[in-house]
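Biologist: I'm new to this structure and would like a close look at one part of it, the place where the two chains meet. Could you walk me through that, and then tell me a bit about what lies around it?

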Amino acid sequence: MNYQAPLAKTVSPYLLWFMIHKSQTGVAVLDFQSRIAQGAEQDSWVSVLLTGLSMHLVVLLMFYVLKHANRGDLVSLHVQLFGRGLGTLLNGVFLLYLLLLVCYQLITYSQVIQALVFPDMGTWRIGLVFLLLFVYITSGGFRVITGTAFWFVLIPSLLIVTLFIPLQYADWRNFLPMFNHSLPEYAYSAAQSLPLYIGVELLLMYYPFIRNNDKAQKWAHIGVMHTYLLYFVFVVATFAYYNMGQLRHSVWPTLGMSKIIQFTFLDRFDYFYIFNWVFVITPPCCLILWSCTRILRFTTRMSGRVSLWATAAVVFVIVAVFHDMLAIDRLGAVVRYAGTSLLFGYIPLLAVCVFIANRFRKSVRDSEA
Amino acid sequence: MRIKSLRAALLLAGTVLIAGCGSDSVINRIRVLVAVGFDREGEMCTGVVAYPNYIHRKGSLAIMKGSGREPKLIMEQFQRQSPRKIRYNKVDSIILSRQIASEGVTVAVNSIERDPALGSNVLLAVSSCSAESIIRSLDRQELENTPFNLVRQNVSDGAVPLSNLYFFLHDFYSEGKDPSMPSLALDKQNQIFIDGYALFKKDRLKLVLNLEEMALFKMLQGKPKIEQLFTYKGEHYVLTVRHGRTRSVPHPGTSPKSMRYDVRLTGSIRNYKGNLLARLPDESRAFAEAIESQIKNKLLALLKKMQAGKLDSLGVGERFRSVERDWQAAAFYREDYPTMDFQVNVVVNITNSGAGE
């Protein structure tokens with residue numbers, strides 16, 4: 001079935017690599033090490049890799065589902081499978097999830113900036129600056145977002161080189177004894193690492209905009225592999241740098257590693273590191289805003305520009321309202337839970353629905369013949 | 001046209017907002033603290049800080065003093081004392097008096113660790129004299145004379161064990177290692193110098209090693225570049241270690257458990273007759289054996305001293321944790337560490353004994 005948007009609006013299939021990878025990396029990279037270490041401790045790198053491998057299955061399921069969507073995206077598939085009423089309701093739920101996801105990214109990054117750089121600055125001011133940037137990029141359309149994602153993969157990748165400096169302080173014995181944990185402990189770490197891969201579900205929205213999308217699956221798998229290999233590098237570097245006791249007391253271990261980096265011309269490299277994270281969160285936030293706009297355009301009569309500004313306004317209000325640490329923590333928990341349920345619960349369920357619908361349609365067609 | 005004006009408005013709004021991010025902190029109009037010292041005076045904690053004064057002193061250091069119940073409260077007092085903004089993102093040295101260190105540094109460490117303004121390279125040190133006198137000795141001195149640069153120079157020279165906030169926290173939160181930091185003092189000319197190495201049992205200062213013991217400690221840690229005095233046929237000589245490597249091998253299966261240190265040193269002999277050793281292989285071997293035996297005895301004595309003080313500053317527990325699957329810190333330090341057998345093997349390779357007679 002493979003629906004594809006007009007050629008002028010599509011991007012080359014290889015860019016799916018960058019889109020998938022970039023939509024998965026966000027603020028979760030800042031503190032995931034502390035979370036996953038609560039289970040299998042120094043062995044939790046195994047859980048990160050296994051969870052990453054499981055994402056290939058999720059990608060397979062998404063491609064299967066999307067191939068059977070009339071207009072190649074989740075929004076049309078919902079209506080196609082469940083009818084206009086229930087389909088619109090499900091689209092609304094998905095829109096709500098996306099809104100919470102972008103708010104979570106923005107609020108968490110604002111928190112980092114407030115805690116480490118500008119303690120006196122309000123969340124709404126930081127949120128507004130970044131939101132205007134996101135709206136500007138998103139208003140350029142999907143191709144502009146793709147270009148941004150491409151460059152914003154390359155630029156922060158240079159930071160990986162700086163891991164060499166904290167690794168000079170590495171104690172590789174932190175990994176010993178290896179494989180010294182029980183299955184439930186590995187499972188706990190795996191459950192904690194699942195939210196790292198949230199974002200890949202945005203493919204459900206931009207799939208029609210990939211040229212020759214039926215043949216683009218390999219690039220999606222490369223993107224997923226890029227993500228979990230990157231997380232693996234971060235986990236290894238973190239566990240070599242911190243011991244378990246230290247990790248338990250570290251709020252943002254990834255940023256903490258940058259605090260040891262010092263150059264003669266730059267005393268506090270960590271400030272540079274913090275602001276480099278803009279390159280990490282911008283593409284997923286833009287992609288989410290764009291997806292929200294698509295849903296609104298499909299389900300309401302709003303134009304693209306109006307729906308983009310409406311989405312941005314809602315995000316701004318939520319970002320400005322959330323001050324309470326407990327509420328922010330709860331928002332994070334909701335997003336993590338919802339994202340994980342979507343990837344490992346709803347997408348397989350959707351695949352089953354599509355499979356049953358196809359079987360039903362085929363049997364009807366056969367009986368008619 | 002509408003799009004252009006919208007873009008211009010966006011750009012303007014963004015610029016205004018970003019401009020708001022930069023608080024007005026011109027470098028010579030704020031007090032950027034570089035070194036901080038804390039002492040205990042009864043119930044109160046006193047703090048003395050050094051900062052470069054760019055207006056009246058062309059960047060040489062000036063001093064401020066405050067007191068409070070906690071180090072963090074002293075920082076607030078400095079804000080109230082100062083006509084200019086105080087910033088401590090560039091603090092590179094934190095000196096604690098021995099009294100504070102002996103009473104426990106948990107509170108201080110917690111507030112230092114949680115303070116995002118501090119980097120991980122900050123030097124933590126204890127002072128044999130009061131921390132105030134250490135910081136006051138920096139008055140009108142150049143910025144490069146801070147304790148941080150003094151210790152860094154000696155660390156890079158290989159004489160002092162590598163130590164900073166990162167290492168302290170690493171050992172502090174480790175189950176199988178105790179933290180340590182350099183000890184500083186003032187000489188008669190009011191110059192700061194390293195007078196030893198302070199060993200902590202978790203958060204409390206327990207023992208200060210002298211300079212010779214500090215060198216041996218560094219030798220056991222690995223990669224030493226130190227000088228060792230030794231005697232041969234009643235004469236004193238100095239071994240300058242150019243390269244060294246130490247390997248620690250835990251033996252969890254023996255009873256009692258044992259730990260072996262294999263120390264390999266390559267160096268030259270100072271104050272011997274020119275390069276005579278090169279021409280006398282037998283003499284050279286006898287020299288090496290004398291050094292090996294003396295260093296071995298000193299290292300064993302240091303290990304026993306730390307063992308007797310129940311201090312594991314070398315991370316013996318960590319070594320056993322890494323090879324034992326069911327290692328328990330409490331049981332290890334209660335039953336195994338006090339009776340542990342230490343073995344030291346020293347191999348010395350003498351490359352030369354100088355160039356002239």
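Modeller: Let's settle one word first: contact here means heavy atoms within 4.5 Å. Take Ser250(A) as a warm-up: leaving out residues up to four places away in sequence, Ser250(A) touches Ser34(A) and Tyr242(A). Keep in mind as we go that this is a predicted model.

Now to the place where the chains meet. On the chain B side, 35 residues are in contact with 33 residues of chain A. Together the two chains bury about 3000 Å² between them, and 53% of that is on carbon and sulfur atoms.

What about the charged side chains? The count between chain B and chain A is 1 salt bridge. You can find it by looking for Asp267(A) and Lys90(B), whose side chains meet at 3.3 Å, N to O. Polar contacts across the interface come to 16 residue pairs, with both partners at pLDDT 80 or more.

Which pieces of chain B do the touching? Four helices each supply at least two residues to the side that touches chain A: α1 (2–21), α6 (147–157), α7 (165–172) and α10 (316–321). Of these, α1(B) gives the most, with 8 residues.

It helps to see chain B as a whole, too. Chain B holds 11 helices and 14 strands, and its C-alpha trace spans about 90 × 60 × 55 Å along the principal axes. Of its 357 residues, 53% are buried. If you take the contacts in chain B with a separation of 6 or more, 66% of them come from residues 24 or more positions apart.

Over in chain A, have a look at helix α13, which runs through residues 269–299. This helix has 31 residues and reaches 47 Å from its first C-alpha to its last, close to the 45 Å expected at 1.5 Å a residue. Follow α13(A) along and you'll come to a kink of about 35° at Ile281(A), shortly before the proline Pro283(A). The helix is mostly covered, with 24 of its 31 residues buried.

Finally, back to our warm-up residue. Ser250(A) sits in the loop between α11 (244–248) and α12 (253–258) of chain A. Is Ser250(A) buried or exposed? Its relative accessible area is 15%, and buried means under 20%, so Ser250(A) counts as buried.

Conventions:
Residues numbered from 1 in each chain as written. Chains lettered and ligands numbered in written order. Predicted model: local features only at pLDDT ≥ 70, side-chain atom pairs only at ≥ 80, totals over all residues. Heavy atoms only, no water. Expected span 1.5 Å × (residues − 1). Bend = angle between axes of the 7 residues up to and from the residue. Buried < 20%, exposed > 50% of the residue type's maximum accessible area, 1.4 Å probe, protein only. Buried area = accessible area lost by both parts, 1.4 Å probe. Salt bridge = Lys/Arg side-chain N within 4 Å of Asp/Glu carboxyl O. Polar contact = N/O pair within 3.5 Å; in protein donor to acceptor, adjacent residues only side chain to side chain.
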